[in-house]
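Trainee: Could you go through this protein with me and show me where the labels come from? I'd like to see the reasoning behind each one.

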Amino acid sequence: MTWKQIFTSSVGKKITMGVTGLFLISFLLIHMGVNACIFKDLSFFDANDNGDMFNRAADFMGKTVVIRLMEVVLFLGFFVHIIQGFMLEASNRSKRKIGYAVNLGDKGSKWYSRSMGLLGTILLLFLMLHWWHFWIPSRFTHAGLENEVILSNGRVSHDMFALMKATFSEWWVVIVYVVACISLAYHLLHGFQSAFRTLGLSNSRYISLINAIGVGYSIIVPLIFALMPISMKLGWVG
Ligand code: HEM
């Protein structure tokens, strides 16, 4: 398969969706792990942490050259996944226009498998808001990050924890984030096993194990993400 075919043929598009999808799935796990450091502040861990563990992790991620370079690859991954996703959705729609003799509904496939384009679009809109909230201030404008903190390792850093607290002080923001996390859960529920199937990594011996890991991942990761704005708004952390 040539490079051109990878990006233009329908098999090539499925493969790039699978590869970039698995890459984004691994990013989400790291992103969740770093952000979950805010839970150190829960009263039964260390109510006096005040975001130190999270700020240390964010400081490490923001100042390490290799990780900053990976950020470029990450954005490239998002870009290819989104563009190919839209193209795949458009070609599926034109095929559906020709129509099936019988509409199988939920018996043919689950509603979320048929709604990957819609779920992906909700996630894209969420990402634009999300980058506006955190990534742009952290990397470029420093809006809301004027105060610096001295971390327990002696380094001076932006107070990302305070920015998170301020961002999640509004209910509408919390609700938008929770809706995005629910969309993410359904997007992953189909995407995880679909990526493995497309790349031929789910042979019959491992298919039930891969499906089980996929379902577990699709529920646990978005749930932990959703608990972040909820915990901040309800004052469980911060
Ligand atoms: C719902 C809870 C979430 C919280 C509290 C959160 C928090 C953050 C923070 C603080 C940053 C800035 C990191 C920095 O610049 O130091 C960030 C960046 C980012 N977030 Fe999230 N995030 C959440 C969910 C998500 C989800 C569900 C996705 C993907 C679907 C996502 C994708 C990204 C991306 C791509 C970046 C920019 C790249 C990076 O800085 O690593 N986030 N997020």
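Mentor: Let's take the overall build, then the helix packing, the core, the ligand shell and a few single residues. Keep in mind that this is a predicted model.

Trainee: Okay, what is the protein built from?

Mentor: There are ten helices and two strands. Walk along the sequence and the order is α-α-α-α-α-α-α-β-β-α-α-α. As for extent, the C-alpha atoms fill a box of roughly 65 × 35 × 35 Å along the principal axes.

Trainee: How much of the protein is buried?

Mentor: Of its 238 residues, 23% are buried. And if you take contacts with a separation of 6 or more, 69% of them link residues 24 or more positions apart.

Trainee: What makes H9 and H10 roughly antiparallel?

Mentor: Start with the angle: H9 and H10 pack at about 170 degrees, and their axes are 9 Å apart. Anything over 145 degrees counts as roughly antiparallel, so that label goes to H9 and H10. The residues where H9 meets H10 are 22 nonpolar, four polar and one charged.

Trainee: Which residues touch the most other members of the largest nonpolar core?

Mentor: That core has 27 residues, and the ones touching the most other members are Ile38, Phe54, Met160, Met164, Cys181 and Ala185. H4, H8, H9 and H10 each put at least two residues into this core. H9 has the largest share, with twelve residues. As for Ala185, beyond residues up to four places away in sequence, Ala185 touches Ser218, Ile219 and Pro222.

Trainee: And which residues are closest to the ligand?

Mentor: The ligand is surrounded by 20 residues, with Phe134, Trp135, Ser138, Phe225 and Met228 the closest. Sorted by class, the shell has 14 nonpolar, five polar and one charged residues.

Trainee: Which helix gives the most to that shell?

Mentor: H7 does, with five residues. Several helices supply at least two residues each, including H2 (10-35), H7 (116-141) and H10 (207-233).

Trainee: Now single residues. Why is Thr20 called buried?

Mentor: Thr20 sits in helix H2. The cut-off for buried is 20 or more other C-beta atoms within 10 Å. Thr20 has 21, so Thr20 is buried. Setting aside neighbours within four places in sequence, Thr20 is in contact with Gly77, Val80 and His81. The C-alpha atoms of Thr20 and Gly62, on the other hand, are separated by 23 Å, with their positions 42 residues apart along the chain.

Trainee: Then what makes Trp171 exposed?

Mentor: Trp171 is in helix H9. Exposed means 12 or fewer neighbours. Trp171 has 10 C-beta neighbours inside 10 Å, so Trp171 counts as exposed.

Trainee: How do you know that Asp59 is partly exposed?

Mentor: Asp59, in helix H4, has 18 other C-beta atoms within 10 Å. Buried starts at 20 and exposed stops at 12, so with 18 Asp59 is partly exposed. Leaving out neighbours within four places in sequence, the contacts of Asp59 are Leu151, Arg155 and Ser157.

Trainee: How far apart are Asp59 and Ser157?

Mentor: They are 98 residues apart in sequence and 6.4 Å apart in space, C-alpha to C-alpha. For Trp171 and Asp59, 112 residues apart along the chain, the C-alpha separation is 27 Å.

Trainee: Where is Asn50, and what is its phi?

Mentor: Asn50 is in the loop between helix H3 (43-46) and H4. Its phi is near 50 degrees, a positive value in a residue other than glycine. For exposure, Asn50 has 17 other C-beta atoms within 10 Å, so Asn50 is partly exposed.

Trainee: And why is His142 called partly exposed?

Mentor: His142 has 13 other C-beta atoms within 10 Å. Exposed needs 12 or fewer and buried needs 20 or more, so His142 comes out partly exposed. His142 lies in the loop between H7 and strand S1 (148-150). The phi of His142 is near 60 degrees, a positive value in a residue other than glycine.

Note on methods: Residues are numbered from 1 along each chain as its sequence is written. This is a predicted model: local features need pLDDT of at least 70, side-chain atom pairs count only at pLDDT 80 or more; totals for chains, interfaces and linings use all residues. A residue is near a molecule or strand if its C-beta atom, placed from the backbone, lies within 6 Å of it. Helices (H or I, at least four residues) and strands (E, at least two) are DSSP runs, numbered from the N terminus. Ala, Val, Leu, Ile, Met, Phe, Trp, Tyr, Cys and Pro count as nonpolar, Asp, Glu, Lys and Arg as charged, and the others, Gly among them, as polar. A nonpolar core is a set of buried Ala, Val, Leu, Ile, Met, Phe, Trp, Tyr and Cys residues joined through C-beta atoms within 7 Å. Two residues are in contact if their C-beta atoms, placed from the backbone, lie within 7 Å. Axes are lines fitted to C-alpha atoms, for helices over the stretch in contact, and angles run from 0 to 180 degrees between N-to-C directions. Angles under 35 degrees count as roughly parallel, over 145 as roughly antiparallel, 65 to 115 as roughly perpendicular and the rest as oblique.
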